[in-house]
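Morning, everyone. Please have the sequence and the 3D view open while I talk.

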Amino acid sequence: MRFNRRTVLIAGAAGAAGVLLPPSPARAARLDAGVSAYPFPLTAVRLDAGPFADNAGRTQSYLRFLDADRLLHMFRVTAGLSSSATPCGGWESPTTELRGHSIGHVLSALAQAWASTGDATYRSKGDYLVAQLALCQRPNGFLSAFPESFIDRVETGQQVWAPYYTLHKIVQGLLDWHLLTGSAQALAVLQRKAAWVQARNSRLTHVQRQQMLRVEFGGIGETLFNLYQLTDDPVHLFTAQYFDHAQVLDPLAAGVDALAGFHANTQIPKAIAAIRGYHATGDTRYRDIAVNFWNFVVRQHSYAIGGNSNGEYFQAPNRIASELSDTTCECCNTYNMLKLTRQLFFTDPSRAAEFMDFYEKALYNHLLGAQNPNSAHGHHCYYVPLRAGGIKTYSNDYDNFTCCHGTGMETNTKFVDSIYFQVNTTLYVNLYIASTLIWSSQGVTIRQDTTYPESPSTRLTVTAGAGVLDVRIRIPSWTSGAQVRVNGVPTGTPAPGTYLSINRTWTTGDVVDVSLPMALTLEAAPDNPSVRAVRHGPIVLAGQFGTSNLSSLPALDPGTLTATGTPLEYTAGSVLLRPFYKTHGQRYSVYWDVTGTAPKEARYPFDETSGTVAADATGNGWNGALIGGVTRTAGRSGNAVLLNGANGYVSLPGGILAGVTAFTIATWLRIDAAASWTRVFDFGTGTGAYLFLTPRSSSGTARYAISTGGSGAEQRINAPAALPTGAWTHVAVTHTGDLGVLYVNGAEVARNTALTVRPSALPSTTQNWIGRSQYATDPYLTAAVDGFRIHSRALSAAEVAQLFSTGQ
Ligand SMILES: [Zn+2]
């Protein structure tokens, strides 16, 4: 967690500046090794109105509501002290072997709520818990709501739930309380307890310890590495290393995915401990373990919402469609994956954008929507079911207290911890969450105003201060045609999957506007490509099925997806799709059985700088090829292809519109020489069957035509004018049912309501060309072409207008 000297000094400066002030923030004795970026203290960032602030408010309300004496009851009973409090239920009941873990989550959450708000209610409740825990601590340092005999049992291989898991939550809560409030008592209790852990484990043999580590032990290794960084006491380092679990770490170090069959959330904290071990020691084996684990879990074990596990276990790699159940995606797993992702962001700036793309995906699609918005106390999911017809269920005030109820309290009190990161004068803007950053060391305050993801944009305003700063804006990999403007002036060429750097002198009043166009995409399950989840930009959409408990995946024809006009909402037939994070209180499906042929979505930004490949930015693999006289030039956004009018064209893969009943083809182009019968595009099998768009027919106007019987059988949309020359122009053709519409620069110019020939009536086309006609005597196009895109559905007029207005 947050232990490096730089962060701590900044936390001190924030306090001195009179912002929000936890007193006497702890100072770390050791600098982290191998770290290239740093978090801001929680005191430096404030959540502004939005869904994250709403979630935080509910959890804060719960933290104020909770009765400290009820949480302490079994600690007091175990210590032989009197307690008249009503025992808690659920996992905190007097007979549950995990009892006591929640007090650690509550301490961490109270510490975070105090740091974020400065509200003394949290401070006094946490101080009380720490003082009372101190009274329950045994002379040997043992502190728990269960007896020490549980440790005898885990050491000797007898049945017991997970005693070190519970103890980890308590020591982490004490550490967070110390770090965020400066409590000396919390550190003293923690150090006595760490000494007990050292004593207890040092008397075991290596073999005995490794056998014990087969039982879930949470992140106790992480906390001990962190305590070593804080205190520079080497005892904590070698105690942390007692918890290096060879059975799991050795394959990871060797780059082998042996995770199948292992309890998922037991393993994730081992990877977090490993990356903290790297930061504490510089041992690159630890780093490789953590990086390999992240790669395996994210790429081979994660669902479309960013969560992992079925029935709490990792399954064989790439099993997704075959592992949809009511017990998928335990919330703790994603809480821990985000902790790991954040540490890897600090570690490897070359993969920063990739790490934060995943962070955003899992944060929005899993955790933001795991809290019940209809509960004033932020009740939380345990699993998030991904079977068709699943429904979210939630915890309650006193009779649940699961692990996920606990980590939910932590998640919902620290949303500000990963919006911004910094190093020297560089600011990373990672997440588009309404918030205000007070960057004391640079003397600037920056406010982020946004309704993202409902709007695909955000605005940063320097509201106080001035200075030379390198502001780096994350451009997600899922976008295309992003635009960044500083005080209204476009800056740089934002490439997806990178950070756009704006290094300049900033002053009060400067404004950065970021536009991140979102497209509708389908994410296929690796084990069954017809099983797909629907995404709009980064946001997973779920079908809303009310009380219908589906018995199988619902069918979806992507061609029927229609935007409703409400942001992030579509219909498919009679089914409404809306963001999964907003889906509560009814049954849903995240995955669909996509009917007919595989959906055809392709997008060509033409942003390559060399070679003859035109990559399909959707990831669907429909890569095109540049043929003949094609060079590259500055585009509408990034680069464009420049067709020479003699022999240059772009060839797209065969079958790209095969079986499609509805579609959109849209592109930007700048026609550099007017000529009749050139082609913007022409997809066909020759002069018998094709569909094309020409900028100017022999009638002098633009025309879309489709035919299965040559020129005599063409059905057409005739525009009132030719496409303009010498200027960037946006054109789009949409076709659904019998309606075809031609748009120029975002506005409809012509339609045909009797367009009965659909691409599905054509044979699978093999000559799919941009800039070349099926007819050999027609001239080639002389033009720059950029942002060519194909959808297997008809975009609405509003969506086409948005493509034009946002420059996509
Ligand atoms: Zn859990």
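What arrangement do the four donor atoms around the zinc ion make? Tetrahedral. The angles they subtend run from 93 to 124°. To count as tetrahedral, all angles must lie between 85 and 135 degrees, so this set passes. The textbook ideal for four tetrahedral donors is 109.5 degrees.

One caution before we go on. This is a predicted model.

Now, who holds the zinc ion? Glu330 coordinates through OE. Cys332, Cys403 and Cys404 each coordinate through SG. The distances are 2.2 to 2.3 Å. Look at the sequence next. The donors follow the spacing E-x1-C-x70-C-C. Take Glu330 and Cys404 as a pair: they are 74 residues apart, and they link distant parts of the chain. Glu330 sits in the loop between helix H14 (284-300) and helix H15 (331-347). Cys404 belongs to helix H17, residues 403-411. Are these two buried or exposed? Both are buried.

Stay with H17. Nine of its nine residues are buried, so the helix is largely enclosed by the rest of the structure. Among them are Cys403, His405, Met409 and Glu410. What do they pack against? The partners are helix H2 (51-65), helix H4 (101-117), helix H7 (163-181), H15 and helix H16 (352-367).

Just ahead of H17, find Phe401. Its place is in the loop between H16 and H17. Phe401 is not a glycine, yet it has a positive phi of about 50°. Phe401 is also buried, with a relative accessible area of 0%.

Asn487 makes a useful comparison. Asn487 has a positive phi of about 50° as well, and is not a glycine either. You will find Asn487 in the loop between strand E9 (483-486) and strand E10 (489-490). How does its surface count? At 40% relative accessibility, Asn487 is partly exposed.

One more backbone feature. Which peptide bond is cis? The one from Tyr452 to Pro453, with omega near 5°. Pro453 is in the loop between strand E6 (444-449) and strand E7 (457-464).

On to the empty space. Rolling a probe the size of a water molecule over the atoms shows where empty space is left.

The largest pocket has a volume of about 920 Å³. Its lining is made of 36 residues. Which lie nearest its centre? Val298, Lys361, Ser477, Glu523 and Arg535. Four elements give two or more residues to this lining: H14, H16, strand E13 (520-525) and strand E14 (528-536). H16 supplies the largest share, six residues. You have met H16 already, as a packing partner of H17. By class, the lining has 15 nonpolar, twelve polar and nine charged residues.

The second largest pocket holds about 400 Å³ of space. It is lined by 25 residues. Closest to its centre are His536, Ala563, Tyr570, Glu799 and Gln802. Strand E37 (782-791) and helix H18 (797-805) each give two or more residues to the lining. Which element gives the most? H18, with four residues. The classes here are twelve nonpolar, eight polar and five charged.

Two single residues to finish.

First, Pro579. It lies in strand E19, residues 575-579. With 1% relative accessibility, Pro579 counts as buried. Leave aside the neighbours within four places in sequence, and Pro579 is in contact with Ile539, Val540, Leu541 and Leu568. Now set Pro579 against Met212. They are 367 residues apart along the chain, and their C-alpha atoms are separated by 43 Å.

Second, Asn55. It sits in helix H2, which is also one of the packing partners of H17. Is Asn55 buried or exposed? Asn55 counts as buried, at 4% relative accessibility; the cut-off for buried is under 20%. What does Asn55 touch, not counting residues up to four places away in sequence? Leu368, Gln371, Asn412 and Phe415.

To recap on screen: start at the tetrahedral zinc ion. Then follow Cys404 into H17, whose nine residues are buried. Finish at the largest pocket, where H16 gives six lining residues. Thanks, everyone.

How values were computed:
Residues numbered from 1 in each chain as written. Predicted model: local features only at pLDDT ≥ 70, side-chain atom pairs only at ≥ 80, totals over all residues. Heavy atoms only, no water. Donors = N, O, S within 2.8 Å, 3.2 Å for Na, K, Ca; no water. Tetrahedral: all angles 85-135°; square planar, octahedral: opposite > 155°, others 65-115°. Buried < 20%, exposed > 50% of the residue type's maximum accessible area, 1.4 Å probe, protein only. Contact = heavy atoms within 4.5 Å. 1 Å grid on protein atoms, 1.4 Å probe; cavity = no way out; pocket = protein on both sides within 12 Å on 5 of 7 lines; lining within 4 Å. Points joined across faces, edges and corners; volume = space filled by probe spheres on them. Nonpolar A, V, L, I, M, F, W, Y, C, P; charged D, E, K, R; others polar.
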